Amino acid sequence: MRRVLTAVAGAALLSLVAAGVAPALPAARAADPCAAWMDPQDTADHRADALVSAMTLDQELGMLTFSDPPWFAFYGTAGHVDGIAELCVPDLVLSDAGSGVAGLQVATTVFPSGVAQAATWDPATQRRLGRAIGAEAYAKGINVMLGPGMNIARTPYNGRNFEYLGEDPYLAASSATAFIRGIQDNPVLASAKHFAFNDQETDRMTVDVHVDERTRREIYLPPFEAAVKRGDVGSVMCSYNRVGGAYACENRRLLTGYLRHDWGFDGFVESDWGATHSTGPTAMAGMDLEMHASPVPQRYFSADNLRAALADGSLTRRRVDEMVRNVVRPMFEHGLFDHPVESGVAPYLSDVSTPHTALARRVAAESTVLLKNRDDLLPLEQDGGRTIAVIGWAANPVGATGSTSGGGSSHGSGIDRLVSPLEGIGSAALAHGDRVVYVEGSSTADARAAAVAADEVVVVATDGSTEGSDRSDLGLRPQVCVSVGCSATPSNQEAMIAAAAAANPRTVVVLDVGGPVRMPWLSDAGAVLVPWYGGLQHGNALADVLYGDAEPGGRLPQTFPRSEQQVRFDPAAYPGVDGQETYDEGLLVGYRGYDARGVRPLFPFGFGLGYTTFAFRDLTVRRAGAGADVSLTVRNTGRRPGAAVPQVYVSFPDSTGEPPKRLEGFETVRLAPGASRRVTIHLDRRSFAHWDHGWRIDPGSYGIAVGRSSRDLPLHVRVRMGA
Ligand code: BGC
């Protein structure tokens with residue numbers, strides 16, 4: 001009541017000031033009901049404490065669940081929490097996600113998907129990308145971006161791997177951290193998702209996963225840990241699945257143990273949309289904010305339910321304060337109070353994408369992986385006069401709506417501004433004096449005939465991965481996806497590629513995919529490019545890469561298997577039996593598993609060609625604190641500028657039980673032809689540690705190997721650590 005009176009008195013005073021009756025500043029300030037928490041110079045902790053202590057219970061409870069209208073009905077966003085005007089609390093407006101402002105938004109930029117971002121191996125680019133996405137969000141009236149997704153690609157069948165950052169915890173952690181920092185360079189919070197062990201879409205709402213502690217700490221948790229400790233992420237989204245019997249959003253070990261106690265998280269945990277299953281137990285386990293995905297949602301954190309939980313003792317008053325504090329603290333820290341968003345029709349309709357078109361195009365080229373390039377087929381000569389056959393449904397403007405962005409909540413809009421491969425190659429060909437002929441490729445006879453008649457062939461195929469279902473195999477399924485579903489298109493793309501590649505050795509195969517696919521036609525293909533889901537500028541970036549105006553700068557963040565046998569699981573390990581699943585491969589995820597089993601993949605983790613060549617030499621390793629500095633000289637030995645990515649892998653003494661090697665450092669080095677640079681990559685203490693009831697370094701000899709991929713490591717030395 002006191003606060004209401006002050007607010008009314010404040011308003012009255014302001015009108016007196018306006019009427020020229022009252023003295024201006026000091027009196028107005030004294031009456032400002034928000035003064036105790038609205039000083040931007042004050043600390044976030046102090047501001048949060050001051051605000052929470054000024055709130056009524058009703059006001060507090062209103063901040064713990066989403067407001068009406070729910071879900072997409074609020075300006076196409078994933079949901080919102082109403083602010084409290086009299087307390088200067090801004091609206092919290094949440095939207096997907098990792099490849100741009102998605103949901104039902106219009107006129108935003110769709111950037112390459114998460115796996116493509118990880119394929120850049122370039123945190124500086126990832127930060128720039130995050131910053132651009134955060135800026136678009138803010139301009140749209142959104143101040144929480146529901147990304148990045150950072151679940152580890154445990155199996156290539158996971159339908160959402162395209163949103164995530166690959167199979168390696170170190171690479172995923174460094175990508176996630178850079179992206180989060182970029183988003184939060186704006187008054188916008190990022191959200192680390194989906195916490196945790198949400199590594200498949202089959203039974204995603206219910207599957208109960210069992211993962212031993214060491215595997216949790218070493219493989220699946222590091223990206224989240226880095227998001228908290230190095231990214232200072234404002235929010236974390238708990239996932240749909242169960243972990244060791246308890247739903248992730250009701251899992252004290254996850255939400256209070258790892259997050260708060262072990263890593264010191266000081267933001268809020270919001271549920272995935274509909275991942276809440278109780279009131280008191282969920283709140284007491286550590287979830288702070290409930291969100292939902294349904295036009296008719298069920299609320300566990302409604303004021304009535306929270307009051308009932310307080311009354312029956314399953315929720316404490318202290319915990320309510322803590323939950324609200326967790327929500328508002330990162331809002332203070334990252335400027336959400338000082339720069340409140342304005343949602344409305346005008347921002348909803350405004351085109352915020354224009355400043356980022358060039359960035360989207362550049363990132364799409366830098367994330368494209370060149371897997372094969374027989375006799376330097378690429379880049380194409382720029383002298384003109386040739387016929388280029390573009391083959392494939394995925395290349396045309398309709399097909400490209402499904403081949404440039406994955407399905408589900410991260411799917412971006414912007415069909416009107418999408419540059420399909422056909423359009424991108426078409427304009428570049430025109431500029432270079434070449435001619436383009438297009439066939440859809442559903443008839444292999446047409447594909448063959450077009451390939452035979454052309455000088456160069458670009459055949460584009462896709463596999464439409466989507467949230468909500470896993471891939472049944474490593475085949476190519478073309479689909480058109482929107483945010484809430486996909487429709488498959490019957491087409492045998494493997495036959496199309498095989499026909500074109502057999503007919504013309506100058507065939508470039510372009511794979512718009514979310515992860516590894518089988519390649520039975522590989523020996524016939526002249527070149528293979530993987531742009532993943534390349535976003536709105538995919539067609540232009542592809543043309544840049546084909547003509548050599550940009551280098552395909554990507555390296556694989558995920559191993560490409562030689563056969564389905566190499567990635568097969570026992571059903572109890574994936575996709576689970578009777579709702580239970582045990583990660584019995586333990587640490588042997590991705591290349592760790594291939595290495596341990598002595599199996600040769602089709603294309604190894606870290607692999608990617610470019611248009612020039614590099615020499616790595618003079619490796620030295622110097623102990624630096626509890627870690628080491630690894631130095632080498634990188635020289636561009638080719639005739640074109642390009643980027644090298646020296647990768648540092650550590651192998652451990654047998655006593656530790658570690659897999660044969662772990663990625664622990666890398667750097668992207670751009671060099672002109674003939675230029676060289678001495679590069680130093682720092683490995684910290686954690687690079688030499690394994691989990692054994694804590695991070696331990698066993699005294700002994702550690703191998704340091706440096707090279708171009710996990711299977712091409714020409715430089716190595718040994719170093720004694722831990723003594
Ligand atoms: C997805 C989340 C997404 C949320 C809001 C859920 O179904 O799992 O990744 O952020 O919806 O759209």
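How many bridges join strand β2 to strand β3, and do the two run parallel or antiparallel? In this predicted model, 2 bridges link β2 (residues 92–95) with β3 (residues 144–145), and the two strands run parallel. The points below begin with the ligand and its shell, go on to the enclosed cavities and the two open sheets, and close with the backbone geometry at a few individual residues.

**Ligand site**

- The ligand has 13 residues around it, and those that come nearest are Asp 96, Arg 160, Lys 193, His 194 and Asp 272.
- By class, the shell around the ligand consists of 6 charged, 5 nonpolar and 2 polar residues.
- Asp 96 places a polar side-chain atom 2.5 Å from an oxygen atom of the ligand, while for His 194 the distance between a side-chain N or O atom and an oxygen atom of the ligand is 2.7 Å.
- In the case of Arg 160, an N or O atom of the side chain lies 2.8 Å from an oxygen atom of the ligand.
- The ligand, taken alone, exposes 310 Å², and 95% of that area is buried by the protein.

**Cavities**

- Rolling a probe the size of a water molecule over the atoms shows where empty space is left.
- The count of cavities of 30 Å³ or more comes to 2, with about 70 Å³ of space in the largest cavity and a volume of about 40 Å³ in the second largest cavity.
- The lining of the largest cavity includes Ala 97, Gly 98 and Ser 99, together with Ser 113, Gly 114, Leu 146, Gly 147 and Gly 149.
- Also in the lining of the largest cavity are Phe 162, Glu 163, Ser 410 and Lys 193, and Lys 193 is also one of the residues that come nearest to the ligand.
- Sorted by class, the largest cavity is lined by 7 polar, 3 nonpolar and 2 charged residues, whereas the lining of the second largest cavity has 4 nonpolar and 3 polar residues and no charged ones.
- Gln 117, Gln 126, Pro 148, Leu 165, Ser 175, Ala 176 and Phe 179 line the second largest cavity, and helix α7 (residues 169–183) gives the most to this lining, with 3 residues.

**Sheets**

- Strands of a sheet pair through backbone hydrogen bonds, either parallel or antiparallel.
- One open sheet is built from 6 strands in the order β1-β2-β3-β4-β6-β9, and its pairing is mixed.
- At the edges of this sheet are β1 (79–81) and β9 (268–271), each of which pairs on one side only.
- Within the pairing of β2 and β3, Ser 95 stands opposite Met 145, which belongs to β3.
- Another open sheet, also with mixed pairing, has 4 strands in the order β8-β7-β5-β18.
- The edge strands of that sheet are β8 (246–247) and β18 (580–582), and each pairs on one side only.
- Strand β7 (residues 242–243) is joined to β8 by 2 bridges, with the two running antiparallel, and the bridge partner of Val 243 is Ala 246 in β8.

**Backbone geometry**

- Most residues other than glycine have a negative phi, and most peptide bonds are trans.
- The peptide bond between Lys 193 and His 194 is cis, with omega at about -5°, and both residues are among those that come nearest to the ligand.
- His 194 has its place in strand β4 (residues 189–195), the fourth name in the strand order of the 6-strand sheet.
- A cis peptide bond also runs from Phe 195 to Ala 196, where omega is near 5°, and Ala 196 is found in the loop between β4 and β5 (208–210).
- Cys 88, although not a glycine, has a positive phi of about 60°, and its place is in the loop between β1 and β2.

Terms used
Residues are numbered from 1 along each chain as its sequence is written. This is a predicted model: local features need pLDDT of at least 70, side-chain atom pairs count only at pLDDT 80 or more; totals for chains, interfaces and linings use all residues. Side-chain values use heavy atoms; hydrogens and water are left out. A residue is near a molecule or strand if one of its heavy atoms lies within 4 Å of it. A polar contact is a pair of N or O atoms within 3.5 Å; within protein, one must be able to donate a hydrogen and the other to accept it, and residues adjacent in sequence count only if both atoms are side-chain atoms. Accessible areas come from the Shrake-Rupley method with a 1.4 Å probe; for residues, only the protein chains shown count as cover. Ala, Val, Leu, Ile, Met, Phe, Trp, Tyr, Cys and Pro count as nonpolar, Asp, Glu, Lys and Arg as charged, and the others, Gly among them, as polar. On a 1 Å grid over the protein atoms alone, a cavity is a set of points where a 1.4 Å probe fits but cannot get out, and a pocket is an open set with protein on both sides within 12 Å along at least five of seven lines; lining residues have an atom within 4 Å of a point. Grid points are joined across faces, edges and corners, and a volume is the space filled by probe spheres set on the points. Two strands pair if DSSP finds at least two bridges between them.
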